[in-house]
Amino acid sequence: MKSDLIGRGWTFPVKTDSNGRMRFLGGVEKINQSIWLILSTAVGEREMLPEFGCGIHDLVFEANSAGLRFSIQEKVKEALARWEPRIENVEVRVETPPDEPSHLMIEIEYKLENNNAVYNLVYPFFIDEGPA
């Protein structure tokens, strides 16, 4: 795994360690934090970069259906392809736990460039289901 490809950076939100120094993340932890940040940011939310984020936030009042899950899957793939160039072979699955119809689990599986290891992240997404 190339560390120059992955990089190292501040944690988000910015935190200090027990000695008062800035905390940094690197490796897969940093990639996962970046993915989480992309999915947690609504498009238009960032003043200086209004295109940044993922369009899933526009879907929170939609009825939980196969169409909604497909739309979320596509929006996540598009956002990650645009904003996280360090990953490839991204697979996204969106599932609803049987006892939680307003809770969607976005499962993301990916590889780092030039690395055969497969990583995954599960992002919970809550909808306030609108009328069907």
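Visitor: Which residue of β4 stands opposite Ile87?

Guide: In this predicted model, the residue of β4 that stands opposite Ile87 is Leu112.

Visitor: What makes β3 and β4 a pair of strands?

Guide: Two strands pair if DSSP finds at least two bridges between them. Strand β3 (residues 87–95) and β4 are joined over seven bridges in the antiparallel sense, so they satisfy the requirement of at least two.

Visitor: How do you know that β4 and β5 pair as well?

Guide: By the same kind of count, β4 and strand β5 (residues 118–126) are linked over nine bridges, again in the antiparallel sense, and they therefore meet the cut-off of at least two bridges. Among the residues involved, Ile108 has Leu121 of β5 as its bridge partner, while Glu107 stands opposite Val122 in β5.

Visitor: Why are β3 and β5 said to stand at the edges of the sheet?

Guide: The sheet is open and consists of three strands in the order β3-β4-β5, with antiparallel pairing. Since β3 and β5 each have a single partner strand, one side of each is left without a neighbour in the sheet, and for that reason they stand at the edges. Neighbouring strands of this sheet are turned against each other by 20° on average, direction ignored.

Visitor: What makes strand β4 mostly covered?

Guide: A residue is called buried when its relative accessible area is under 20%, and in β4 (residues 103–112) seven of the 10 residues are buried. For the protein chain, 35% of its 132 residues count as buried.

Visitor: Which helices lie across the strands of this sheet, and at what angles do they run?

Guide: Helix α2 (residues 27–40) lies across β3, β4 and β5 and runs at about 30° to β5. Helix α3 (residues 66–83) also lies across β3, β4 and β5, but runs at about 160° to β3. Within helix α2 sits Asn32, which touches Tyr110, Asn120 and Leu121 when residues up to four places away in sequence are not counted.

Visitor: Why is the pair of Arg93 and Glu107 called a salt bridge?

Guide: The name requires a side-chain nitrogen of Lys or Arg within 4 Å of a carboxyl oxygen of Asp or Glu. For Arg93 and Glu107, the closest N and O atoms are 3.5 Å apart, so the pair qualifies. Because Arg93 lies in strand β3 and Glu107 in strand β4, the pair ties together parts that are 14 residues apart in sequence.

Visitor: Why does Glu107 count as partly exposed and not as buried?

Guide: The relative accessibility of Glu107 is 21%, whereas buried means under 20% and exposed means over 50%, so Glu107 falls in the class in between. Its partner Arg93, with a relative accessible area of 36%, is partly exposed too.

Visitor: How many salt bridges does the structure hold?

Guide: The structure holds three salt bridges. One of them joins Arg86 with Glu84, the closest N and O atoms being 2.7 Å apart, and both of these residues are buried. Another joins Arg21 with Asp17, where the corresponding distance is 3.6 Å, a value that still lies within the 4 Å cut-off.

Visitor: Why is Arg21 called exposed while Asp17 is called partly exposed?

Guide: Exposed means over 50% relative accessible area, and Arg21, at 51%, is therefore counted as exposed. Asp17 has a relative accessibility of 27%, which is between the two limits of 20% and 50%, so Asp17 is partly exposed.

Visitor: What makes Met22 a candidate for a nonpolar surface patch?

Guide: Patch residues need over 30% relative accessible area and no salt bridge, and Met22, with 31%, passes the area limit. Met22 lies in the loop between β1 (8–10) and β2 (24–26), and it forms the patch with Val14 and Phe24, the three having about 250 Å² of accessible area together.

Visitor: What makes the phi angles of Asn89 and Asn114 worth a remark?

Guide: Most residues other than glycine have a negative phi. Asn89, which is placed in strand β3, has a positive phi near 50°. Asn114 takes a positive phi near 60° in the hairpin of β4 and β5, which has five residues between the strands.

Notes. Residues are numbered from 1 along each chain as its sequence is written. This is a predicted model: local features need pLDDT of at least 70, side-chain atom pairs count only at pLDDT 80 or more; totals for chains, interfaces and linings use all residues. Side-chain values use heavy atoms; hydrogens and water are left out. Patches are made of residues with over 30% relative accessible area and no salt bridge: like charges are joined within 9 Å, nonpolar side chains (Val, Leu, Ile, Met, Phe, Trp, Tyr) within 5 Å. Accessible areas come from the Shrake-Rupley method with a 1.4 Å probe; for residues, only the protein chains shown count as cover. Helices (H or I, at least four residues) and strands (E, at least two) are DSSP runs, numbered from the N terminus. Buried means under 20% relative accessible area, exposed over 50%, partly exposed in between (1.4 Å probe, protein chains only). Axes are lines fitted to C-alpha atoms, for helices over the stretch in contact, and angles run from 0 to 180 degrees between N-to-C directions. Contact means heavy atoms within 4.5 Å.
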